[in-house]
Amino acid sequence: MDSTDLADLIDELTAKARDASSGRAARTIRGGHENALRETVIALRAGHELAEHESPHEATLQVLRGRVRLIAGADIWNGASGDHLTVPARRHSLEAVEDSVVLLTVSNDVP
């Protein structure tokens with residue numbers, strides 16, 4: 001059984017995001033192409049984003065720290081620590097309103 005200390009990982013990735021020119025850092029904690037689910041912890045520095053992109057499979061987003069804005073066309077969702085959302089199955093982007101960390105869970109659509 002694998003175990004991840006999320007509190008330590010949140011602190012580590014937040015520090016890396018602060019130092020990165022992209023304003024972000026991430027680590028996949030479960031998954032890969034051979035697994036049905038992929039879970040990635042993503043830290044974003046305030047004012048930075050994951051640019052608009054497609055989500056080819058089902059996905060959810062849980063805000064672990066901070067405040068984020070998920071934008072899909074005219075739809076905008078403002079999330080804060082503890083919030084959970086099903087990511088829309090259309091083009092979307094994610095912005096950090098303040099230094100933030102999210103847990104992205106994506107289905108790899110593996111049988």
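Two strands pair here if DSSP finds at least two bridges between them, and the strands themselves are DSSP runs of E with at least two residues, while helices are runs of H or I with at least four residues, both numbered from the N terminus. With that in hand, let us walk through this predicted model, in which local features need pLDDT of at least 70 and side-chain atom pairs count only at pLDDT 80 or more, whereas totals for chains, interfaces and linings use all residues. Residues are numbered from 1 along each chain as its sequence is written, and side-chain values use heavy atoms, with hydrogens and water left out.

A good place to start is the sheet of 5 strands, which is open and antiparallel, with the order β1-β2-β9-β4-β7. Its edges are β1 (24–30) and β7 (84–86); each has a single partner strand, so one side of each is left without a neighbour in the sheet. On average, neighbouring strands of this sheet are turned by 20 degrees against each other, direction ignored; such angles run from 0 to 180 degrees between N-to-C directions, and the axes are lines fitted to C-alpha atoms, for helices over the stretch in contact. Within the sheet, β4 and β9 run antiparallel and are joined by 6 bridges. One residue to look for there is A59, whose bridge partner in β9 is V106.

Staying on strand β9 (residues 100–107), we come to T105. T105 is buried, with a relative accessible area of 15%; buried means under 20% relative accessible area, exposed means over 50%, and partly exposed lies in between, using a 1.4 Å probe and protein chains only. Not counting residues up to four places away in sequence, T105 touches L37, R38, E39, E58, A59 and T60, where a contact means heavy atoms within 4.5 Å.

Next, the helix. Helix α1 (residues 6–19) lies across β1, β2, β4 and β9, and runs at about 150 degrees to β1. In the segment before α1 you will find T4, which is partly exposed at a relative accessible area of 39%. Leaving aside neighbours within four places in sequence, T4 is in contact with L9 and I29. T4 and E54 are 50 residues apart in sequence, and their C-alpha atoms lie 28 Å apart in space.

Now turn to the open sheet of 4 strands, ordered β3-β8-β5-β6 with antiparallel pairing. Here β3 and β6 stand at the edges, each with a single partner strand, so one side of each has no neighbour in the sheet. The twist from one strand to the next averages 15 degrees.

Strand β5 (residues 67–72) is joined by 6 bridges to strand β6 (residues 75–80), and the two run antiparallel. They form a hairpin with 2 residues between them, and G73 in the turn has a positive phi of about 65 degrees. On the other pairing, 4 bridges join β5 to strand β8 (residues 92–96), again antiparallel. L70 is a handy residue to follow: its bridge partner in β6 is W77, and in β8 its bridge partner is L94. R69, in turn, has E95 as its bridge partner in β8.

What about the surroundings of β8? Of its 5 residues, 4 are buried, so β8 is largely enclosed by the rest of the structure. β8 also runs antiparallel to β3, to which 3 bridges join it, and H53 stands opposite H92 in β8.

Those two histidines lead us to the last stop. The largest pocket has a volume of about 180 Å³. Of the 15 residues that line this pocket, the closest to its centre are H53, S55, V87, H92 and L104. A pocket is an open set of points, on a 1 Å grid over the protein atoms alone, where a 1.4 Å probe fits, with protein on both sides within 12 Å along at least five of seven lines; lining residues have an atom within 4 Å of a point. The volume is the space filled by probe spheres set on the points, which are joined across faces, edges and corners. β2 (37–44), β3 (49–53), β4 (59–65), β8 and β9 each supply at least two residues of the lining.
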